[in-house]
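This report is meant for a reader who meets the structure here without earlier acquaintance. Please keep the display at hand while reading, since the text moves from one part of it to another.

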Amino acid sequence: MPDFLKINRLVFRHCGPVDLVLDAHQCMGISGTSGSGKSLLLRAIADLDQHDGQVLLEGQSANDVDAPQWRQQVALLPAESQWWFDTIGEHFDDVDSALLEAFGFDEDVMSWSVSRMSSGEKQRLALLRLLNNHPRVLLLDEPTANLDQHNSGVFEGIIQNYLQQQSACAIWVSHDPEQLARVAQVRYTMQDGQLEREPR
């Protein structure tokens, strides 16, 4: 049986080569200084930026999958989410009311104008939008940077439940070592474009 997520000799910009293997249900944490290449790594895995090397999901290479289909399966949540329609509801085909409620919203949020949302509200709803596509791999780039402690905890719980229920995996970038200690089973530091595994 092939590895769930396998990254072979990934080289991008000034970074790499990176070799990684993640199992289903696993969360890998990455820390490192600004500019070290953490976000670039996630963008390369999502096939958003030019790179060399190979990314395989259950044995299937990103090179053999149409880019939009790959990004639906291997989904990036950036630190600043993008919203291109006027209202929230226009960004959703359907909505998981249980997840909405978990994040403190009710269904009337779908009628809200995007312009009225705070950065924290945008990030919570961006996660729900991402999960609606049922991705197999979550690439999380400082996903709770704009959230308070309570909503950060809710966010962490939703991700951990999702990984278990959907047999998915995640790569979580954060500057918060305490957060990574909670959510990640294995942790790496990125420095000068190189990944180094942290001791357990």
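What follows is a walk through a sheet, a helix, some backbone details, a set of salt bridges and one serine.

The structure is a predicted model, and the statements below should be read with that in mind.

## The open sheet and the helix on it

Four strands form an open sheet in the order 2-1-4-5, and their pairing is antiparallel. Strand 2 (15-22) and strand 5 (60-61) stand at the edges, and because each has a single partner strand, one side of each is left without a neighbour in the sheet. Strand 1, which covers residues 5-12, pairs with strand 2 in the antiparallel sense over five bridges, and within this region F12 stands opposite C15 in strand 2. Helix 1, made of residues 38-45, packs on the sheet and touches strand 1, strand 2 and strand 4 (52-57), with a direction that makes about 120° with that of strand 1.

Strand 2 also holds a notable detail of the backbone, since P17 lies in this strand and the peptide bond that joins G16 and P17 is cis, with omega of about 0°.

## Helix 4 and what covers it

Does the length of helix 4 agree or disagree with what its number of residues leads one to expect? The expected span is 1.5 Å times one less than the number of residues, so the 13 residues of helix 4 should span 18 Å, and the end C-alpha atoms are 19 Å apart, which agrees.

Helix 4 is largely enclosed by the rest of the structure, because eleven of its 13 residues are buried. The cut-off behind this statement is a relative accessible area under 20%, and among the residues of helix 4 that fall below it are G120, E121, Q123, R124 and R129, together with leucines such as L125, L127 and L128. The cover over the buried residues of helix 4 includes strand 6 (74-77), helix 3 (97-102), strand 7 and helix 5 (149-166).

## Two residues with positive phi

In the loop between helix 4 (119-131) and strand 7 (137-141) lies H134, a residue other than glycine whose phi is nonetheless positive, near 55°. D192 likewise is not a glycine and has a positive phi, in this case near 50°, and D192 is placed in the loop between strand 9 (186-191) and strand 10 (194-197). With a relative accessible area of 62%, D192 is exposed.

## Salt bridges

How many salt bridges does a search of the whole structure find? The search finds five, and the table sets out some of them with the distance between nitrogen and oxygen.

| Pair | N to O distance |
|---|---|
| R9 and D19 | 3.9 Å |
| R43 and D49 | 2.9 Å |
| E58 and R136 | 3.0 Å |

R9 and D19 form a salt bridge, and this pair links distant parts of the chain, with R9 in strand 1 and D19 in strand 2, ten residues apart. R9 is exposed, having a relative accessible area of 53%, whereas D19 counts as partly exposed at 42% relative accessibility.

In the salt bridge between D49 and R43, the aspartate D49 is buried, with a relative accessible area of 17%, while R43 is partly exposed at 32%.

E58 and R136 also meet in a salt bridge, and this pair links distant parts of the chain, with E58 in the loop between strand 4 and strand 5 and R136 in the loop between helix 4 and strand 7, 78 residues apart. E58 counts as partly exposed at 42% relative accessibility, and R136 counts as partly exposed at 23%.

## The surroundings of S31

S31 is found in strand 3, which covers residues 27-31. Is S31 buried or exposed? S31 is buried, because its relative accessible area of 18% is below the limit of 20%.

The side chain of S31 is joined to that of E198 by a polar contact of 3.3 Å. When its neighbours within four places in sequence are left aside, S31 is in contact with K38, S174, L180, Y188, T189, M190 and E198. E198 therefore appears both as a contact of S31 and as its partner in a polar contact, which is defined by N or O atoms within 3.5 Å.

Key: Residues are numbered from 1 along each chain as its sequence is written. This is a predicted model: local features need pLDDT of at least 70, side-chain atom pairs count only at pLDDT 80 or more; totals for chains, interfaces and linings use all residues. Side-chain values use heavy atoms; hydrogens and water are left out. Buried means under 20% relative accessible area, exposed over 50%, partly exposed in between (1.4 Å probe, protein chains only). A polar contact is a pair of N or O atoms within 3.5 Å; within protein, one must be able to donate a hydrogen and the other to accept it, and residues adjacent in sequence count only if both atoms are side-chain atoms. Contact means heavy atoms within 4.5 Å. Two strands pair if DSSP finds at least two bridges between them. Axes are lines fitted to C-alpha atoms, for helices over the stretch in contact, and angles run from 0 to 180 degrees between N-to-C directions. A salt bridge is a side-chain nitrogen of Lys or Arg within 4 Å of a carboxyl oxygen of Asp or Glu.
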